Every structure is written in structure tokens, then in C-alpha cells.
Amino acid sequence: MTSQPSSKVDTVALFVTCLVDLFRPSIGFAAVKLLEDAGCQVVVPPGQTCCGQPAYNSGDRESAMAIAQGTILALEAHPAIVVPSGSCAGMLKRHYPELLADDMNWGPRARSLADRVFELTQYLAARGLRIDAQVAARATYHDSCSSLREMQVKEAPRDLISQVRELSLAEMAETEACCGFGGTFCVKFPDVSDAMAQRKVDCIRATGADLLLAGDLGCLLNLAGKLKRAGSTIAVRHVAEVLAGMTAQPAIGESGTGDSRMGDSGVGGK
Amino acid sequence: MTVLHDSNAFKANAATALHDASLQEALAIAREHSIPTRARAIERLPEFERLRNSGRDLKNHVIAHLDQYLLQFEQSVVARGGHVHWCPDAGSARARVLEICRSVDARTVTKGKSMIGEEIGINAFLEANGIEPIETDLGEYIIQLRRETPSHIIGPALHVTQAQVEETFRKSHDGLDPARNLDDPAALMAEARAHLREGFLKADVGITGANFLIADEGASVIVTNEGNGDLTQTLPRIHIVLASIEKVVPDMHDAMTLLRLLPRSGTGQELAVYVTFSAGPRRAADLDGPGEYHVILLDNGRSAYLGTEFEEMLRCIRCGACLDHCPVYHSVGGHAYGWVYSGPIGSLLNPALNGIENAKPLPHASTLCGRCESVCPMRIPIPKMLRHWREREFAGAIAPMPERRLIRLWAFFARRPWLYRLAARLAARGLHLLARGQGRLKSAPFAAGWTRHRDLPAPQGRTFQEQWRARS
Amino acid sequence: MLAGIRAGMARQADRRRGAPPPAKPIPVIPARATAPGIDVVDLFHRQVLEAKATLEVVASRSDVPAAVARYLTARNAPAQIRLAPDRRIADLPWANAPLLETATGRSHGMDATSVTPAVAAVAETGTLVLQSSAETPTTLHFLPDHHVVVIGRDQIVGTYEQALARIVRDADGGLPRTINFVTGPSRSGDIGKVLLMGAHGPKHLHVILVDEAL
């Protein structure tokens, strides 16, 4: 099970994830702000790239192991590693120890790292962070499969979201169903992936929400792409952006300077 | 719907399935029914998670002592006057069944539901040899008439709508009055019941599957709701049990553990209506029951996975929960998988039993969302083993070459942080520019699979690492 | 074939690297039927109804024939019944219900109603435990449309395991040829996921619970 983050830990390493680094750095900055609000000093170890899931899930175990070793090397000096993605956190926490289990040197290092890996909302909730943000919206939250089943994150994002002023949370049906992203799955089996995304989008729309939140950028890119293709006005954001009150950037897949419906003027924050 | 017997054609099969309106209707009904039904059953049994551990540990114990329990099973069956036939493959199993049928000049054989029967293709074989097999499970009967294969482990006719059942009966049942009203499920079931009663009473041999084999008692166990399995095995002169080697458990108490897991996981019932333990032929003073009892013990490639990274799939008790909770299965149904087993467990079993070269796409046809593992009563780590199949394909160069090259190229960058940062910067800028301020791309030749159905949200322009460095 | 399986066992041993093979787990028995203060008769009654069977309690053995007659009349079922040749059933005072026509023995598919005893009844899931024998042919459990099972109060146990213990206690020379766990009437959901009773086995399962030993 997940070890509890110590309230004495002041330095945390942020594992940005390759998708956030490339597509949406604002999530990374929102995560930094939230961690600082929680009393942490944030470092971003420079040796990090990607957690290695594309190789691991494609069956390229050799590359996955090499990337895992590089990531462990980059992160292991730090007392806590926080990841704004359940999927990448799950890779570090659940899969690195398994990948490297038979290695006398790397096995113990992978297990030691795994004990200190946290998904962002899980870490923030465990530190008891009080959210000070205001976003006028009716939101719904999508659980990523890895957050839910590999990281056992379910209540933490909801507890934090419930503290955002003027924001209401409407739960969608079938919260445990996958959105159809699945990494390379969505390009290998585009039609099947689309059918899955369509069912998820139907559930999202049925809530009447004007804001879709999730903790994993992979799912968010998939669902934003699907919603925007259909001409939906539902704004799509990573939960960290809303918790940090940093909604000045346009929502995912949108142009312009922020979403007027989300009350940029009312953004709180410390 | 055409039956497609090719797992390698998964993609084409899936495309057909996605456009099959009546299949999609049937899948939606099944999905909305099965998930909450299972959830309610599990909520009512606080010990369920502990039972799952117990079931897993039990099967692990059996798998580690398989030779011993199979031998014990054989001894116990023989002691009760029954026969055990060790069959290494489908061909030898079929031949044994035929031999037994011929020993009594059998003309009609009734069949209870058996996935092993499907696996070895027993019906077609018996037919070709002049023996009429009659499926008696309602779902199996429907697909037998339609000349289809099962699309679900426990609901073989899950893909067939009520209207299609009516059409099928009208076409196949000679003497059925065209004026007779069959437009509700109860009327359809009454029609099948009456029709199949004749079959039960005239059959020479009854063939059933087995949910478990009990080593110390020499008994086989079937779990059903209709009672067809019991009529199948009680009325004819000979009862043949088709079972694969991993079905054995040490004793009756172990069967109880699995019984508390199987129906709850499969149909959301506290217990199936009929659980029947059968040991040997009828006893001297018995008034009914079969005169002979035979067990076909099938390996068919399973033992090759003992002591390998795939061993845990042998824990499967065929409840179907992984199918019921799989988003891919929900989208395409069972026939797309191209062989007897479908859904997540099918994506493990079909490559294992039929050869990975005959089921290449199946291990990839999953988002690895893990919902299957989360509901599996035997806690089989299905995503982990799907990944193992992908590893075998990658290592054995079965995976397509361009894909291998692409992954290796990407990994080359991912292992070199400075190079990776540079490449990420370029990609972020390039994609950002391509979007021309629209925030997203409507089409992208390099990601055609993505943009066929969705827009590609564009990067914000500069990478996080780049901006972070500039800030500090 | 055994050689192939044994080769697998050898691979397993290699993978375990000297660790012992996994041991058999301790069974988990649900508390619902074993916790202190549980009334198994009441639990059985509730579970039987949930399984879509029906149940009537009668005070004594001599009330059973009239109860069977009432049950058949209420369902418009024929008055002919096929009795298990077991003394607990055959020796009931059937003369108390003069309109019933009784016969004993196995069924060949012509009987609308059978009346049989049970070895035990399990409260855990409302399950009747039946067995084959010279006095209790299995065909009576599956061929008729109505299956009436007569049990005594003392036959109700909490769990499957307790029911098995009763079978073992009564058996000489191991288990009978067939043991049937029956939980409600036959059903199927194979047509459009609509649950319907009476697929192949009995359409109705009726339990008569006698408030004394049989």
C-alpha cells in the first residue's frame, strides 16, 4: 500500500511526465504552485525524460528497463517524488519494481523509489493542503484507470475539488470505465478506441457539466480531442490547473486566452 | 452475423462489429445488466475480497501439484467404476469421444454447455461422423441453430437479440405453426423447452463440461441455471465429461470456495440454481443415472505454460467477469476475437492454445485499463500477461517491423535526457506552429489513427523543462 | 501427457529457487450463516424466497399432504404426484389428501409434480441439498414442472460445509453418485438478458418446512 507522505518532508521532486512537458507545461506549473502551497520546496531533476510506458506496453522490455534505470538515477536522491499523472506514477510505483525485480542492483533501488512515489492529488490531500481557488463551473471528474486501480486514488481529487469556491461536482455514470486512450492502443485500434471514447463522452455530457477534469493528460488529450471534434463547448482541464486557480491558459484543445466561462477574473490562489 | 474464425483479423472483425446495429444493441443490454448485477452480489458478501485471495491461493497450490492431483482424481474415478481418458490434444479428445459414442451405436448426443467442447470442435466432428449433437443450454442451442460460435463464455448467445431468436426458431423448428405468437421471451423459451425435451429423452450419450474436478472423490461438478446439464447427464446411457487439466481441486471444501466466487462473479447470483456433483456411473440400486461415466482430461497445450510467466492464466474458472467489464469487449463483442474464447481472458488463452502467430493482434487489443484484473475472482493479472505476450512478440520479431523501429528510435531519445529535451522542444514548437493558433489540429498525417476520430490538442509552445530552467 | 505436466512442475521448481510450493489456503466461511445469534431457519426462509422459490411452514408431518394439495390447487396443477420412494415421503399420511393421486419411483418425463426429501437445506443461500439413491432418483429433481421438497426444521444448516458433513455422516462408502445443490427453480437469461423461470428443469420449486423432525 501507499506509504504516507511525511509532513516533515519539505523537498519534493516533481516528475513532470513527457506529455505535460511537451503538450501542457501549465499543468507542471500548477503542480509546482500547489506543492509550494502545501509547504514543499519543489525541485525538477534534470535527468528525467519519460517513464518508459510506450516501450513497456509495446513489449520492448529491454528499452523499458534502460529508461527505468535512467529515471531511478534521476529521482532516487529525493525523499518524495510527486507525479501529476496516475499512469506515470503507477509506472514508477508498480511496474519499475516488477521490471527490475531480478536485478540485484536495480531491484532494491526500484522498490525504494516506489515507496516514495505519489500521484499529485494523493500527495496534496495527504499533506492536508487547503485549496484556495475560485472557479465558477459545473465540473465532472474522470478517473484515469491507473489512478484508480494502480494508485488507488479516488477520494483525494474529489476532496480537493470540493474546496474550490463556486465549483460544483457532478459525478458521471460508469466512473470506472476506460476512456479509450490506452497509449498506443488509440492509434493501433482507432475505431475501437473511438467507440470507448464515445461512451465516455456520452456519460460526461449526461452530467450537464461545462468543465471536464482529470488527473491524467493522456485521457484529457483523448477526451478533449473527441469533444472538440464534435463541437462541444465543455472545457477540458487537468485538475491541478483548477486547484491552483491557474485557468488563464486556454483549456485543452482551445485557442485564445483562457475560457471566459471559467471566471478568470475570479481566480484565487495565495 | 457471419462467423469469423480468425483472430489475426481482429481489426477487420472489430470494424464489422462496430457497424452491426443489432450486435451493438445486444452489447448495450448486456453491459447495463451485468455490471450492476455483479456489484450488488459482491456488496452483499463482506468476505468476498478474502475469498478471492483464498481462491487464488487454492489454484496456485493446485497448479504447483497438478500431476499429483490429476493422478489422485483418476484413481478415485476408477475406484467408483468410471474411466479417465488422458488426451494431450483436441484430435485425441475427439477420437475418444467418438469411440465411446460408437461403443453404444449412438445416434443422438445431448450436450450441456462446455467450452472444451467448443475448443475441440466436437459438434462438427460428431456430425461429420453421422452422430447428431444437440446443444441443450438455451444460448448454445440458439447459436447451434444459427451455426455460430459462442460470443461469451457464459452467455454464448449474448450477441443475439430477441427478434433474431424468434427468426431462428421459425426457420429451424419444423412444424412450428407460423401463426403462433412468439414475440416475447417466455414464449420463445417455452418453444425451446418443448423442442429440447424430445432430444433429452431420445439421446444415447450425454456430454457435459465440468466447472471443477474433485481429486479425492473422483467427482465432476457442473454449475448451471437451466437444469439442462443435469438432464443431459442423467437420462442417457453414457455420461461423458469434457474437462481440461486445470479444473482439478483437491476436495469438496475447495469446490465450496470456488462456488462462492463463480456465480457471484459470472451472473451476480448468490449461487447458481443447480450445482451438481457427479461421481461415477449409477450405483447398483439406483433407479436412474448413466450406466457409464467417462472423463476426457484435456491438455491441449496448457501444460506448456506451467512454470512460465503465463502460468497464472490457468487459475481461470471461466466466469466471464473480465468480458463483462472490458471496454473493448463492450465495443466489439466476442466474435471479433476470432476463436472460442473472447474478451481479456480470450486475449491470453487464444494465443496460448492456438499459437501467438494465429492471434497476433489480441494481446494489443487492450488499453491495459486493468478493470478485468480488478473483478477477476482468481485475481489473474491479465494486463501483466497481455504485456508478456507483447514482449514475446517483440523479442521474437513477430511484432511488425516499422513499429519496432519506431519504439526503438523513441527509446534512443528517452535514454538520453539532453537529446530528449532538445527533441521535445522541437516537437512542442513544431506542433504548436502547425495548429496556427487554433489550439488543436484537425488532421495530422503522422497521427492519422488519432485524428480519424478526434482533434489533436496542440502543445502550448515551449516545454516545461525549458521554461523551468529559464525561471530558475 | 503426464510427462509434459511433470516437465512443467520442474520449471516451476526452478522458478521458485528453493522456496516451498504454495500451500493450501485456509477456507473463508461467510459469517452470514455462522455468526453467533444467527437464526438459520429464518435466514433459509428469506434466501429461498429470494431465489424465487416458495415456502410453506406446516406444524407436523401429517399436515404435509394437505399442504401439497393446496399448493397444486392454487397453481391449477394436476392432482397426480410422483413421490420419491423414500420412507420420509412415501410414509406420509397421503390418505389425508384423498384427491391426490400418488405414484412412486423415478420419472420418465410424464410427471407434472414430484415430491422429494432433501439431505439438508443451507441457509447461506437458500439451497436444498439433494442426493441420488435407490430411494431418491435424480430424475425427480429435474423432469417435472413442479418440484416439492419436504424438509424438517432440523435439516436446516448454515453453510455448504455443514451440509456436506451431513452427507458424509449418512453415507456408507463415500459420496452418492449425484449430489444436487438446488437454489430456486430453473431459469435462463439467454434471450435478451430477460430472466425467465423454467428453462429445462422445474418451473416451480416449493419447499414445505415441517416444524418437527421428519
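## Close-up views of a predicted model

**View 1. A strand of chain B pairs with a strand of chain C.** Tyr274(B) stands opposite Val182(C), a residue of β9(C), in a model that is predicted. The two strands concerned are β9 of chain B, residues 274-278, and β9 of chain C, residues 178-182, and they run antiparallel with 5 bridges joining them.

**View 2. The contact between chain B and chain C, with the salt bridge of Lys24(C) and Asp251(B).** Chain B brings 98 residues to this contact and chain C brings 75 residues, and the area buried between the two chains is about 6,900 Å², with 60% of that area given by carbon and sulfur atoms. Across this interface there are 8 salt bridges; in the one shown here, the side chains of Lys24(C) and Asp251(B) meet at 2.9 Å, taken from N to O. Residue pairs in polar contact across the interface of chain B and chain C number 42, where both residues have a pLDDT of 80 or more. When the side of chain B that touches chain C is divided by residue class, 50 residues are nonpolar, 24 are polar and 24 are charged.

**View 3. The contact between chain A and chain B, with the salt bridge of Glu403(B) and Lys188(A).** Here 69 residues of chain A meet 66 residues of chain B, and together the two chains bury about 5,900 Å², of which 59% lies on carbon and sulfur atoms. The count of salt bridges between chain A and chain B is 8, and one that can be followed in this view joins the side chains of Glu403(B) and Lys188(A), with an N to O distance of 2.9 Å. The interface of chain A and chain B also holds 32 residue pairs in polar contact, both residues being at pLDDT 80 or more. On the side of chain A that touches chain B, the element that gives the most is helix α11 of chain A, residues 190-206, with 8 residues. That side of chain A is made up of 32 nonpolar, 19 polar and 18 charged residues.

**View 4. A salt bridge within helix α9 of chain B.** The side chains of Glu166(B) and Arg170(B) meet at 3.1 Å, again from N to O. Both residues belong to helix α9 of chain B, which covers residues 162-172, and they are 4 residues apart, about one turn of the helix. Over all chains, a search of the whole structure finds 57 salt bridges.

**View 5. An open, parallel sheet in chain C.** The sheet has 6 strands, which follow one another in the order β1-β12-β7-β4-β2-β3. Its edge strands are β1, residues 54-58, and β3, residues 101-104, each of which pairs on one side only. Between neighbouring strands of the sheet the turn is 25° on average, with direction ignored.

**View 6. The β2 and β3 strands of chain C, and two helices that lie against the sheet.** Strand β2 of chain C, residues 80-83, is joined to β3(C) by 4 bridges, the two strands running parallel, and Glu101(C) in β3(C) is the bridge partner of Gln80(C). Helix α3 of chain C, residues 64-74, packs on the sheet and touches β1, β2, β4, β7 and β12 of chain C, while its direction makes about 155° with that of β12(C). Helix α2 of chain C, residues 40-50, lies across β1, β7 and β12 of chain C and runs at about 145° to β1(C).

Technical notes: Residues numbered from 1 in each chain as written. Chains lettered and ligands numbered in written order. Predicted model: local features only at pLDDT ≥ 70, side-chain atom pairs only at ≥ 80, totals over all residues. Heavy atoms only, no water. Pairing = 2+ DSSP bridges. Axes fitted to C-alpha atoms, helices over the stretch in contact; angles between N-to-C directions. Contact = heavy atoms within 4.5 Å. Buried area = accessible area lost by both parts, 1.4 Å probe. Salt bridge = Lys/Arg side-chain N within 4 Å of Asp/Glu carboxyl O. Polar contact = N/O pair within 3.5 Å; in protein donor to acceptor, adjacent residues only side chain to side chain. Nonpolar A, V, L, I, M, F, W, Y, C, P; charged D, E, K, R; others polar.
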